[in-house]
Amino acid sequence: MRLTPEQRAQFERDGYLFFPGHFSPEETKVLIDAVPDLYSRREAFNVREKGSDAVRTNFAAHLISEPFARLARHPRMVGPVSELFEEQVYMHQFKINGKMAFEGDVWQWHQDYGTWLNDDLMPTERAMNVAIFLDDVNEHNGPLMFIPGSHVKGVVEAKHDLTTTSYPLWTVDNDLIRQLVDRAGGKGHYDAAGRHVGGGIVSPKGPAGSMILFHSCLVHASGSNLSPFNRVAVYLSLCAVGNHIRRFKRPEYIAHRDFTPIEMLPDDCLLAPYPVEVPWKNGLPESALATSLEEIDTMAA
Ligand code: SIN
Ligand code: MN
């Protein structure tokens with residue numbers, strides 16, 4: 001898959017690209033059918049919502065479940081990312097966020113690269129977020145919110161929020177969000193046909209199988225899901241190989257330590273049984289929980 005010059009320019013300008021219906025209903029079904037088994041496990045890799053049994057985020061499914069191991073090597077996902085970086089990539093993080101009907105809690109305003117820098121000592125922004133919808137996303141089930149163009153600011157000030165939700169996050173304060181949204185178009189307006197245009201917050205919505213690529217400095221958030229519709233989505237973070245993390249402060253099931261470039265499978269890999277390794281299928285090894293504050297020797301790594 002080649003990106004057009006218009007898509008590259010759009011990514012530079014807005015900080016994201018949206019590909020509605022990028023994976024077919026048959027391909028998406030293989031993935032969503034594998035989620036209940038993953039979510040049912042009582043393991044550290046399932047983070048549940050505050051005061052609820054609903055899974056907020058599941059980590060490292062690509063090392064546990066074969067369909068997700070194939071998705072992690074899918075050329076329609078990996079291809080455009082390494083094309084944009086002009087370098088091979090490895091998997092830094094792999095999450096399946098539940099945002100379950102009635103229970104899915106908010107994700108406050110944040111940038112992912114802020115966390116990767118502060119916690120993992122990732123040297124530069126050369127890592128990409130990919131979101132793949134496993135359910136239809138509409139205005140009711142907590143769609144992502146982006147501030148277009150906010151990535152050009154680089155890393156903005158953030159504070160470590162350990163209390164609001166069940167997952168700690170470096171979050172951006174409201175004054176700065178107001179400024180960034182104003183700069184991107186404020187509240188926009190309604191045109192003569194009643195369409196909302198030109199606002200400083202956008203929410204890509206579309207059918208299950210849609211994909212978003214978004215810059216690691218793009219400021220984003222999502223509201224809670226009060227609707228009766230689940231909003232399960234995969235978030236993959238792919239890092240340019242030369243930009244690998246330099247510290248293992250977070251456990252390996254959250255921030256990966258295998259910097260081997262991803263080898264892509266053929267385009268039909270979600271529908272055909274190509275062999276893949278799932279080394280953590282029977283549970284996390286002790287090593288996946290270990291952490292260290294030491295900075296790793298960049299020459300040796
Ligand atoms: C994230 O920013 O990592 C998750 C946002 C969401 O699931 O809405
Ligand atoms: Mn994020």
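Here are some notes on ligand 1 and on the cavities and pocket of this predicted model.

1. Ground rules. The model is predicted, so to speak with a filter: local features need pLDDT of at least 70, side-chain atom pairs count only at pLDDT 80 or more, and totals for chains, interfaces and linings use all residues. Residues are numbered from 1 along each chain as its sequence is written, chains are lettered from A and ligands numbered from 1 in the order written, and side-chain values use heavy atoms, with hydrogens and water left out.

2. Who surrounds the ligand? Around ligand 1 you'll find Lys95, Asn97, Trp107, His110, Leu144, His220, Ser222, Arg231 and Tyr235 (a residue is near if one of its heavy atoms lies within 4 Å). By class that shell has 3 nonpolar, 4 polar and 2 charged residues (Ala, Val, Leu, Ile, Met, Phe, Trp, Tyr, Cys and Pro count as nonpolar, Asp, Glu, Lys and Arg as charged, the others, Gly among them, as polar). The strands β4 (89-97), β5 (107-110) and β13 (220-222) each supply at least two of its residues (strands are DSSP E runs of at least two residues, helices H or I runs of at least four).

3. Polar contacts, meaning pairs of N or O atoms within 3.5 Å. Ser222 puts a polar side-chain atom 2.6 Å from an oxygen atom of ligand 1, His110 does so at 3.0 Å, and for Tyr235 the distance from a side-chain N or O atom to a ligand oxygen is 3.1 Å. Taken alone, ligand 1 exposes 260 Å², and the protein buries 99% of that (Shrake-Rupley, 1.4 Å probe).

4. The ligand's cavity. Ligand 1 takes up the space of the largest cavity (on a 1 Å grid over the protein atoms alone, points where a 1.4 Å probe fits but cannot get out; lining residues have an atom within 4 Å of a point). Its volume is about 200 Å³, and of its 19 lining residues, Lys95, Trp107, His110, Asp112 and Leu169 are the closest to the centre. The lining divides into 8 nonpolar, 7 polar and 4 charged.

5. The other cavity. The structure holds 2 cavities of 30 Å³ or more, and the second largest has about 40 Å³ of space. Its lining includes Leu144, Arg231 and Tyr235, and by class has 8 nonpolar, no polar and 1 charged residues.

6. And the open side. The largest pocket (an open set with protein on both sides within 12 Å along at least five of seven lines) has a volume of about 480 Å³. Of the 18 residues lining that pocket, the closest to its centre are His62, Leu63, Arg73, Asp258 and Thr260.

Terms used. Polar contact = N/O pair within 3.5 Å; in protein donor to acceptor, adjacent residues only side chain to side chain. Sits in = over half its atoms within 2 Å of the grid points. Points joined across faces, edges and corners; volume = space filled by probe spheres on them.
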